[in-house]
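Let's take a walk through this protein model together. Keep the sequence and the 3D view open as you read.

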Amino acid sequence: MDTGCLSSMNIAGAKQVRSFAGQLHTQRCFTSSSVQALKTSHRTTFSSTSPGLRNKGKGSRRGLRALQVVCQDFPRPPLENTINYLEAGQLSSSFRSSERPSKPLQVVIAGAGLAGLSTAKYLADAGHKPIVLEARDVLGGKLAAWKDEDGDWYETGLHIFFGAYPNVQNLFAELGISDRLQWKEHSMIFAMPNKPGEYSRFDFPETLPAPLNGVWAILKNNEMLTWPEKVKFAIGLLPAMLGGQAYVEAQDGLTVSEWMEKQGVPDRVNDEVFIAMSKALNFINPDELSMQCILIALNRFLQEKHGSKMAFLDGNPPERLCMPIVNHIQSLGGEVRLNSRIQKIELNPDGTVKHFALTDGTQITGDAYVCAAPGAIYFQESCFLCTYSV
Ligand SMILES: Cc1cc2nc3c(=O)[nH]c(=O)nc-3n(C[C@H](O)[C@H](O)[C@H](O)COP(=O)(O)OP(=O)(O)OC[C@H]3O[C@@H](n4cnc5c(N)ncnc54)[C@H](O)[C@@H]3O)c2cc1C
């Protein structure tokens, strides 16, 4: 019997779990609510003939193994004492504590993804009147989820909330929903492209501070990297550990692959680790992605002991995360409108925004406008591309 936590980042060495997860994926998304459902049943047993598990645990009999999956949450890390968390908290509380505006601004926001909703939340906290316009009939944008006829939720994809997300962690705390994050063990687990069905772990020890816990995780990994590769990888990361944010920003001109080559990091590290990381971060390959993007994440992970700890939401994001934000916005006089697709941003002769024109012919006018919608919104004759992140 093998016992382990069940999460997409913690499917340790288990072909059969992969096929179980694959099965779920073909039928319906493997969501945190599915995990929750499994959690309620506590123990779930699967038959297995996987050689991947034969050497692990007891009770192997002619390769026929039963895999027992136990879902388990780990304690919330003490993020509240970190400088990043405190700074982010100070910033968001400044909206609430600032003097109320004598004339609240009506701010029109395009998009009810997390950026649009949190922008509206903080504007409402500061005493303004946000109106969020969402094209679709569902909240959340890339966090959206849909219920099927059996009542199960399909999610756009698995969403991880890292310890190193000070603004998001503060947002949860301000809404009083921090307990909706289910924390997992401090490990990063990669599928090994050259050994299909096998997984490689980077375990961060609880006893070491950052960045030593990350260095230890790299050095202890035996399945994926050889010793010379580990040493070269760790040395390659040294400038990022020592150079801080200025170094990170200076790497924007290089792709991930170019940076790896410059630092002498072996190609295999790129193939085994950074293809997965680049795709997870931006859905593109290391030869297309700016190294700045990877280093922003790695730097946080290397500087904060609990930065790379992961949490999953305890249910579907529209209900469990977006609705509390919407309720908060509405309680302060703001609005969130679904099925309100902006077709055009009409301009005044001086180039300022006149109004947002919706596809149903409505014109929405405000004192200020925010675009929190990635992709194309047609701006007069040309295509207007913009994103806004809080
Ligand atoms: C499969 C998947 C997995 C991910 N996993 C993670 C993860 O594990 N951890 C993590 O931190 N991030 C993850 N991300 C990234 C994260 O989901 C996004 O960065 C974040 O949700 C983006 O939020 P946003 O508000 O900026 O944009 P969006 O969520 O894209 O919101 C934009 C909104 O604007 C609306 N809109 C577009 N055009 C118009 C228009 N013309 N009029 C009105 N509204 C419009 C859209 O419908 C949408 O609701 C993942 C993304 C995906 C797709």
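S8 and strand S12 (residues 310–313) pair in the antiparallel sense, with three bridges between them. Strands count as paired if DSSP finds at least two bridges between them, and the strands themselves (E, at least two residues) and helices (H or I, at least four residues) are DSSP runs, numbered from the N terminus. One bridge to look for links Phe162 to its partner Met310 in S12.

This is a predicted model, where local features need pLDDT of at least 70, side-chain atom pairs count only at pLDDT 80 or more, and totals for chains, interfaces and linings use all residues. Residues are numbered from 1 along each chain as its sequence is written, and side-chain values use heavy atoms, with hydrogens and water left out.

Now zoom out a little. Three strands make up an open sheet, in the order S8-S12-S9, and the pairing is antiparallel. Strand S8 (160–162) and strand S9 (181–183) are the edge strands, each pairing on one side only. From one strand to the next, the twist averages 40°.

Next stop: some parallel pairing. Strand S4 (residues 106–110) and S5 run parallel and are joined by five bridges; in one pair, Gln106 has Lys129 of S5 as its bridge partner. S5 also runs parallel to strand S13 (residues 335–337), with three bridges joining them, and here Ile131 stands opposite Glu335 of S13. How many of the five residues of strand S5 are buried? Four of them are, so strand S5 (residues 129–133) is largely enclosed by the rest of the structure. Buried here means under 20% relative accessible area, exposed means over 50%, and partly exposed is in between (1.4 Å probe, protein chains only).

S4, helix H5 (residues 114–125) and S5 also make a right-handed β-α-β unit. Right-handed means that, with the strands pointing away from the viewer, the path from the first strand over the helix to the second runs clockwise.

On to a pair of helices. The axes of helix H10 (residues 267–282) and helix H11 (residues 291–303) come within 10 Å and cross at roughly 95°. That makes H10 roughly perpendicular to H11, a label used for angles of 65 to 115 degrees. On the H10 side, the contact (heavy atoms within 4.5 Å) is made by Phe274, Met277, Ser278, Leu281 and Asn282, and on the H11 side by Cys293, Ile294, Ala297 and Leu298. By class, that comes to seven nonpolar, two polar and no charged residues.

Helix H11 is also home to Gln292. Is Gln292 buried or exposed? Gln292 is buried, with a relative accessible area of 18%. Leaving aside neighbours within four places in sequence, Gln292 is in contact with Val248, Glu249, Gln251 and Asp252.

Finally, a few backbone oddities. Most residues other than glycine have a negative phi, and most peptide bonds are trans. Two residues here go the other way on phi:

| Residue | Phi | Relative accessible area |
|---|---|---|
| Phe283 | near 60° | 71%, exposed |
| Asn339 | near 50° | 54%, exposed |

Phe283 lies in the loop between H10 and H11, while Asn339 is in the loop between S13 and strand S14 (342–347). As for the peptide bonds, Ala210 and Pro211 are joined by a cis one, with omega about 0°. You'll find Pro211 in the loop between strand S11 (199–203) and helix H7 (212–220).

Conventions
Axes are lines fitted to C-alpha atoms, for helices over the stretch in contact, and angles run from 0 to 180 degrees between N-to-C directions. Angles under 35 degrees count as roughly parallel, over 145 as roughly antiparallel, 65 to 115 as roughly perpendicular and the rest as oblique. Ala, Val, Leu, Ile, Met, Phe, Trp, Tyr, Cys and Pro count as nonpolar, Asp, Glu, Lys and Arg as charged, and the others, Gly among them, as polar.
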